[in-house]
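Q: I have a new model open and would like to learn how to read it. Could you walk me through it feature by feature?

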Amino acid sequence: MNIIREYSLDQARKNRRTSISIMVAVLIASTFLCALLVFAQSFWNQMVQQEIYIGGDWDAELMDVPADRLGMVRDNAGVKAMFVKGDNQTAFLPEGTALPRLLIQNCDIGYWDAMYEKNMLLRGRIPQAPGEVVVSKDFFLQNPAYGIGDTLAVEIGGGEGSQQKDADSLTIVGELDVSVSSGYEGYLAYGFMEPDELSPDSEVVVYLQMERRGKVYTAVPQIAQAIGLPKDEYGNYPCRYHAALLAWHGVYAPGSFFQSDVPKLFLGLLLAAGASMAVFAYIIRGAFGISAKQKIHQLGILKSVGAGPKQIGRTVIYEACILSVIPILLSMVLGYLFSLGVLSAYSDMTSEVFGSRMEVYFSPAAALMAAVLSFVTVLLAAHGPAKQMSKVLPIEAVRGEQYSISVKKAKSHPVLAKHFGFLGEIAANSVNAGRKLYHTCMMTLSLCMLLAFGFLAAFTVSDISNAQAENRNHFDVNITLRTGERIDGALLAELKAMQGVQGISVYARANCAVWLSGSDQSAEFLQAGGFDAADGYIVERDGRYRVPCVLVGMEQDAYQSVLREAGAEALPETSAIIVNSVAKNPGARDYEAMQETVSYLNLQQGQRVELTEEYSDDVQGDYEFTVDVAAVLTSMPKIGLDPSFYTLPVIVPMEEYYAIIENFSDEMAVYNYRNYVNYAVPDGMDEEIQGEAERICGAYLGSSDYMTSSKTERMRNRGRMTGATMFIVCSLAALFGVVGISSVLSAILNSLGQRRKEFAMFRSVGVDEKGIRRLLGMEGFLLSVRPILIGLPLLIIVCAAQCYIEGVSVVEFLYAFPVWALVAYIILVLFVINAIYMLASKKIRDDVIVAAIKDDTV
Amino acid sequence: MDILRTEGLTRQYGVGQAIVTALDHVDLQVERGQFVAIIGASGSGKSTLLHLLGGVDRPDGGKIFVEDVDIATFGEERLAQYRRRKVGLIYQFYNLIPTLSVKKNICLPMLLDNKEPSKERFDDIVRTLGLGDRLEHLPGQLSGGQQQRAAIGRALIYQPAILLADEPTGNLDRKNTEEIISLLKLSNRQYKQTILLVTHDENVALEADRIIKIEDGKIISDKAVRP
């Protein structure tokens, strides 16, 4: 074996204390990095699985595909798998059912396997043969005589407009948690189809999984072209992409890379990994530094007999390699177990908030990546000491001059001298002299404190801010109905008739815009900066300004009530109420200052305003419509909608709203048809009302078509989320803490080992046992306060910055921040370092004076 | 013929007002095969001179010619090669690597060059040093005299032209001192090596061919003891 390698191996074996210290630091670092990758991969996997669960496992969708072209799609080399849905049928139910028909969508076996509908199965099974159907839950609710396994004698009608009916029978094999608006007068059902048996002229929807997912945005239009699908009015083929799933796989539509959150999350992961590697490299570097300093005499001997600088550097690098193999391998197991524990606890705390648990996912690729990152971290850490050692002059190294603890200039410490006498001054000077040795561990413990309590401060401030926002919210219970179509009137009527509520608002909203000229700005708004100050919100082109608007649909009675309060009357057609106010100081930090408004536009009752659905350049539709201003308000009615800065609310009656948005492109339909129902309820009643609203919605809609929340539930969820996130942060901070304590232990042992002679000398000149204890106690104390003195001011700066950004006062912060936890941490650090110091100094206290004085390592 | 020559060799330590001049423009010539003793009081600069000649320290001024090549201009790698192959350094406190066996400590300069000494050469040195039965021991298992012999073995293994010994007997009793000096003289005679020996023991110095006395970083006397 090469002598340098042999030497490094021997050193690693013989210097157990420093080797263990390095191995602990490497173990924690690689465990941390491994856990970080497990977290990231589990999160990624969770997101992908969630997307597949709610949206299906497909990459692209081709609409209106003639059945006789399915073979061409299936045989395309770029297509991995194809699923088919369509051949829709209407089955007329026997007499006696509440609604007269089943609206059946047929799906092939691949579709049932890959798509999300199977996840909505409440009971039974999915159809496996033609003639089998699963029906919506409202069918069973409204027709309790039927059950799973029953066969329905039906008459099957063809597609839309077909009058022909054929007698048939359908077997109910399951119940689905889906619904359809009562306007259709039927129940939603899903059946089974064999694509090969479809009539050639029927049109179906085809879902594709691509061989090369990255090519989907170019390959699918080519397939559409190849099978002869026509383009729409915008020049696009009738295809759609599973953009959310594709984004998680790193595939983006041209131009949408920066709009996606996934690259930002990936960048965040890279930054987190990079920062962790840098921090751990710094921490481990300290451990290697101590080890190298311990060996400096031997390295000097090696140099003096001819070892070159590279060979000396290699001793540190080899040591790094030798000492990192076992910890890195072990960290794969520990990292997985740590992640499993932390993520399981996190899931326990958040599963009710998210509705699902996060499964721990750890692949060999992630293990390899973690091992590589850990090894790179170790090499980075060893590089500094290696370079340092290779530069030392041999004779200085042989003498150990380079790293012997020495005080170049003794400082006076009057306070310590006054209270603890001469020994107090000695203790302070000793700790000061060993400052470099303790530098890394002190920084690690400070970082640990900053990490844990910095995050805690951020959550505290965020909690205060959220609580303040919640207090300003007029409504206690919020319901979102999102069926993608007009909401069933019966459902809304039932929700409006809710007992025990003090106030209710129902509204729908859609984004739109108005093009105005500079002269349309009010004088007050102009004085406050006008359109030109609204960069990013208002677009200027050729002297015209595109002002964002929100079209709000209100129930007729509520709309009339607002008009009455404004002393106005509805206009016969296209009547609109405009809220003509804008924030005077949108950049103000203070909430009250931010709420101050001025008149926005020169608008008057009776004026006609021309609006467009194209509120942004990437909106596909360009429908334009006009409204007549029935009333101009100075503030938004309290309906639970808080428009963004510079957004002009245009309130219309609900019927008028629907009449307008039905002309909008389908792109935003899923949002535009949403209805928002808000309740103001007596204190303590919000969860009860929320439960009742859940029951009513559940009777009409599939569970994915509505969402409810209440103040109490939100507060509880915030608490859970904060607790869960703090648990992860504290777990990671604890890892830093272990490294910090381990390096403190190593540094203290090393420092005291070097100073045996010094203490023996004190004893030889008459310092007694009590004096030595006092000296060591003082040193331990001065050492233990150091990380607190470094970390506390930084923590205060972080807290102050958080408060300043969120506009939270110091009193509010101190009232909510768990100061006791900080005090407990400080006491713990003081106790642990002092305990280590006193235990480590036992040998010094027990030394035979003459033996220690004779101990000359040079 | 000079094997070693210094011109205006200067070494200072410290900064500002605390500067100490350890060597002050020292000019020195040593012929090949000479056995030179350097004596002087503690702090006179004798060890500093030896360390500069051995390439383990860097001068602040002047030149050091070894076989007519100025080693003061060498880069780190070349200087390491010089220490490995051209000089052998012997210290007062042996300075063996405690985790390597005696055999490996002796062979260290060659092992650093990824070479093994010839068996004859190694056996010859070990026999001369009387360490035949201690080769697999660790330095900590040897007496002081044995450790110093191992250090001499290490200095001899590459057959360097120059041996530099810094108080090699300073930590030994009379019997071991005599044995070590005999070994150095034997090496000087047998292998024609040039030896510079730093000592404060006048009896030891009298064993040399030439005695140089240093005081305050300057050579104050240079006498030939025997031709």
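A: In β7(B), residue B:Ala165 is the bridge partner of B:Ile90. Keep in mind as we go that this is a predicted model.

Q: Which strands does that bridge belong to, and how many bridges join β6(B) and β7 of chain B?

A: A single bridge is best read together with the strand pair around it. Here β6(B) pairs with β7 (residues 162-166) of chain B in the parallel sense, over four bridges.

Q: What is the strand order of the open sheet of six strands in chain B?

A: Read a sheet from one edge to the other. The order in chain B is β6-β7-β8-β3-β9-β10, and the pairing is mixed. The edge strands are β6 (87-90) and β10 (218-224) of chain B; each has a single partner strand, so one side of each lacks a neighbour in the sheet. On average, neighbouring strands are turned by 15° against each other, direction ignored.

Q: Which strands does helix α6 of chain B lie across?

A: After the sheet, look for what packs on it. Helix α6 (residues 174-190) of chain B lies across β3 (35-40), β7 and β8 (194-198) of that chain, and runs at about 155° to β8(B).

Q: There is also an open sheet of four strands in chain B; which strands stand at its edges?

A: The strand order is again the place to begin. It reads β2-β1-β4-β5 in chain B, with antiparallel pairing. At the edges stand β2 (20-31) and β5 (69-70) of chain B, each with a single partner strand, so each has one side without a neighbour in the sheet. Inside the order, β1 (residues 2-13) and β4 (residues 61-66) of chain B run antiparallel and are joined by five bridges. For a landmark, find B:Thr6, which stands opposite B:Ile64 in β4(B).

Q: Let's turn to chain A. Is strand β11 of chain A mostly covered or mostly open?

A: For a strand, look at burial and then at partners. β11 (residues 477-481) of chain A is mostly covered, with four of its five residues buried. It pairs in the antiparallel sense with β21 (residues 675-680) of chain A over five bridges, and A:Val477 has A:Tyr679 as its bridge partner there. β11(A) also pairs with β22 (residues 706-710) of chain A, again antiparallel and over five bridges; in β22(A), A:Tyr706 is the bridge partner of A:Leu481.

Q: At what angle do helices α2 and α8 of chain A cross?

A: For a helix pair, take the axes and then the residues. The axes of α2 (residues 16-55) and α8 (residues 261-294) of chain A come within 9 Å and cross at roughly 175°, which makes α2(A) roughly antiparallel to α8(A). The contact residues divide into 17 nonpolar, five polar and no charged. Among them are A:Phe32 and A:Leu36 in α2(A), and A:Phe280 and A:Ile284 in α8(A).

Q: Is A:Ser746 buried or exposed?

A: Counting neighbours settles that. A:Ser746 has 27 other C-beta atoms within 10 Å, so it is buried. This serine is in helix α22 (residues 711-754) of chain A. Leaving out residues up to four places away in sequence, A:Ser746 touches A:Arg17, A:Thr18, A:Ser21, A:Ala287 and A:Ile290.

Q: How many residues does each chain bring to the contact?

A: Count each side, then ask which elements contribute. Chain B brings 22 residues and chain A brings 20. On the side of chain B, α2 (76-85) and α3 (102-111) each give two or more residues, and α2(B) gives the most, with six. By class, that side has ten nonpolar, four polar and eight charged residues.

Methods: Residues numbered from 1 in each chain as written. Chains lettered and ligands numbered in written order. Predicted model: local features only at pLDDT ≥ 70, side-chain atom pairs only at ≥ 80, totals over all residues. Pairing = 2+ DSSP bridges. Axes fitted to C-alpha atoms, helices over the stretch in contact; angles between N-to-C directions. Contact = placed C-beta atoms within 7 Å. Parallel < 35°, antiparallel > 145°, perpendicular 65-115°, else oblique. Nonpolar A, V, L, I, M, F, W, Y, C, P; charged D, E, K, R; others polar. Buried ≥ 20, exposed ≤ 12 C-beta atoms within 10 Å, placed from the backbone.
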